[in-house]
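Work through the following exercises with the sequence and the model side by side, and try each task before reading its solution.

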Amino acid sequence: MEIVFEHELHPDLKALEWLVGTWEGDGIGDYPTIEQFRFTQQISFTHTGKPYLVYTSRTWLLDEEFKQGRALAMETGFWRVPGGGREVEVLLSHPTGIQEIYTGEVAFHKVELTTDVVARTRTAKEVTAGKRLYGLFPAKDGEAERDLGWVYEMAAEGQPLQVHMSAQLKKVPQ
């Protein structure tokens with residue numbers, strides 16, 4: 001027997017309600033220290049009725065024929081909107097030994113985030129700052145759902161803050 005827990009979205013999260021669900025799609029990555037690459041991604045925003053969203057992101061390399069290849073990055077964390085206002089706090093953890101805390105604002109269907117803290121283990125790659133933008137694209141003619149776009153800027157390995165990855169994702173029907 002499968003147990004399913006249904007929870008009301010915590011009132012503090014009303015401004016992020018549009019993110020809840022699973023999103024999938026493709027993107028592109030580039031950085032001065034690596035070769036350009038294409039990837040596919042799945043992002044999930046879930047909740048437990050508490051004042052935070054549970055966030056998971058996984059990416060896989062796409063080959064020349066756009067077929068899913070080896071696993072790339074993964075990150076997990078929590079998104080909070082203290083007091084239900086516009087301020088957003090995001091805590092992210094990476095299995096590569098990096099922890100990030102982002103702060104920013106939500107406005108309508110857009111969230112802009114900047115790192116407040118980046119911590120790393122002794123063996124992790126040097127990442128010193130990040131910026132993220134998440135937002136819904138306008139709906140296309142005849143489509144009810146809007147795509148989620150995101151851009152990740154990173155300062156790492158002695159490089160200045162610059163675009164590292166971006167993707168366009170579609171909401172997975174439930």
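**Exercise 1.** How many bridges join strand β8 to strand β9, and in which sense do the two strands run?

Before solving, note that this is a predicted model, in which local features need pLDDT of at least 70, side-chain atom pairs count only at pLDDT 80 or more, and totals for chains, interfaces and linings use all residues. Residues are numbered from 1 along each chain as its sequence is written, and side-chain values use heavy atoms, with hydrogens and water left out.

Solution. Locate β8 at residues 127-136 and β9 at residues 148-156, strands being DSSP runs of E with at least two residues, numbered from the N terminus. Nine bridges join these strands, which run antiparallel; two strands count as paired if DSSP finds at least two bridges between them. As one example, arginine 132 has tyrosine 152 in β9 as its bridge partner.

**Exercise 2.** Place isoleucine 101 in its strand, and decide whether this residue is buried, partly exposed or exposed.

Solution. Isoleucine 101 belongs to β6, which covers residues 98-107. β6 runs antiparallel to β5, with seven bridges between them, and across this pairing isoleucine 101 is the partner of leucine 91. Because its relative accessibility is 33%, isoleucine 101 counts as partly exposed, a class between buried (under 20% relative accessible area) and exposed (over 50%), with a 1.4 Å probe and protein chains only.

**Exercise 3.** In what order do the strands close into a barrel?

Solution. Ten strands follow the order β1-β2-β3-β4-β5-β6-β7-β8-β9-β10, with antiparallel pairing.

How values were computed: Helix = DSSP H or I, 4+ residues; strand = E, 2+ residues; numbered from the N terminus.
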